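User: I'd like to learn how to read strands and helices in a model. Can you take me through one?

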Amino acid sequence: MVRDIMIRDFFLGFIKIHILYHASQEPIYGLDLMRELETHSYKLSPGTLYPILHKLEKQGYLQAQRQVVGGKVRKYYIATRQGKAALAEAYTKARELLDEISQGEITQTDRKEDNEWNT
Ligand SMILES: [Zn+2]
C-alpha cells in the first residue's frame, strides 16, 4: 500500500517527532498517542506504534514508567534529556526544510493528493 510505504519512508520521522514532542510535555501512553496521531491523520495500529515506542526507549530518547490505572498496568513514556535534544534538533531541521520547500510551487492538487495518501 502506498500509505504504508509513505509511513515507513518519511512519515515515520514525523511520527517520532510527534511522540517526542508529546512525551516532552507530559507522560504519554500508547492509546492516547494513537488518538493524538489520528487527529493528524496518521492511523497507526498498536502493532506499528508499540515497536516505535520500544525502539525510542531502547535508543534512550524515551523513558518508561509503569503506573497502575484502574487495576491495569499502563506504561507511560516521558522524553529523556537526549529525547528533548533530538526534538530541538528536529525542530531546527523541520523549520529549515519548510522554509526551503515553501519557496517552491506546490499546487493545490498536489496537496490534495498528499492528504489522500495519508488517510
Ligand atoms: Zn502531535
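**Reading strands and helices**

Analyst: Start with one pair of residues across two strands. In β3, Q65 has Y76 as its bridge partner. Keep in mind that this is a predicted model.

User: Which residue in β3 is the bridge partner of Q63?

Analyst: That partner is I78. Both pairs belong to one ladder: β2 and β3 (residues 72-79) run antiparallel and are joined by 8 bridges.

User: How many residues lie between the strands in the hairpin of β2 and β3?

Analyst: There are 2. Check the backbone angles there too. G70 in this hairpin has a positive phi, near 55°.

User: What order do the strands take in the sheet?

Analyst: Read across the sheet, not along the chain. The order is β1-β3-β2, in an open sheet of 3 strands with antiparallel pairing. β1 (28-29) and β2 (62-69) are the edges; each has a single partner strand, so one side of each lacks a neighbour in the sheet.

User: How many bridges join β1 to β3?

Analyst: The number is 2, and these strands run antiparallel. Across from I28 you find Y77 in β3.

User: Now the helices. At what angle do the axes of α2 and α3 cross?

Analyst: Picture each helix as a line, then compare directions. The axes of α2 (residues 30-39) and α3 (residues 46-58) cross at roughly 115° and come within 11 Å. Angles from 65 to 115 degrees count as roughly perpendicular, so α2 and α3 are roughly perpendicular to each other. Their crossing is right-handed.

User: Which residues make the contact?

Analyst: From α2 come G30, L33 and M34; from α3 come P46, L49, Y50 and L53. Sorted by class, this contact of α2 with α3 has 6 nonpolar residues, 1 polar and no charged ones.

User: What span should the 13 residues of α3 have?

Analyst: Use the rise per residue. At 1.5 Å a residue, α3 should span 18 Å, and its end C-alpha atoms are 18 Å apart, so the two agree.

User: What follows α3?

Analyst: Look at G60, which follows α3 and has a positive phi near 90°.

Conventions:
Residues numbered from 1 in each chain as written. Predicted model: local features only at pLDDT ≥ 70, side-chain atom pairs only at ≥ 80, totals over all residues. Axes fitted to C-alpha atoms, helices over the stretch in contact; angles between N-to-C directions. Helix = DSSP H or I, 4+ residues; strand = E, 2+ residues; numbered from the N terminus. Parallel < 35°, antiparallel > 145°, perpendicular 65-115°, else oblique. Left-handed = near helix turned anticlockwise from the far one by under 90°. Contact = placed C-beta atoms within 7 Å. Nonpolar A, V, L, I, M, F, W, Y, C, P; charged D, E, K, R; others polar. Pairing = 2+ DSSP bridges. Expected span 1.5 Å × (residues − 1).
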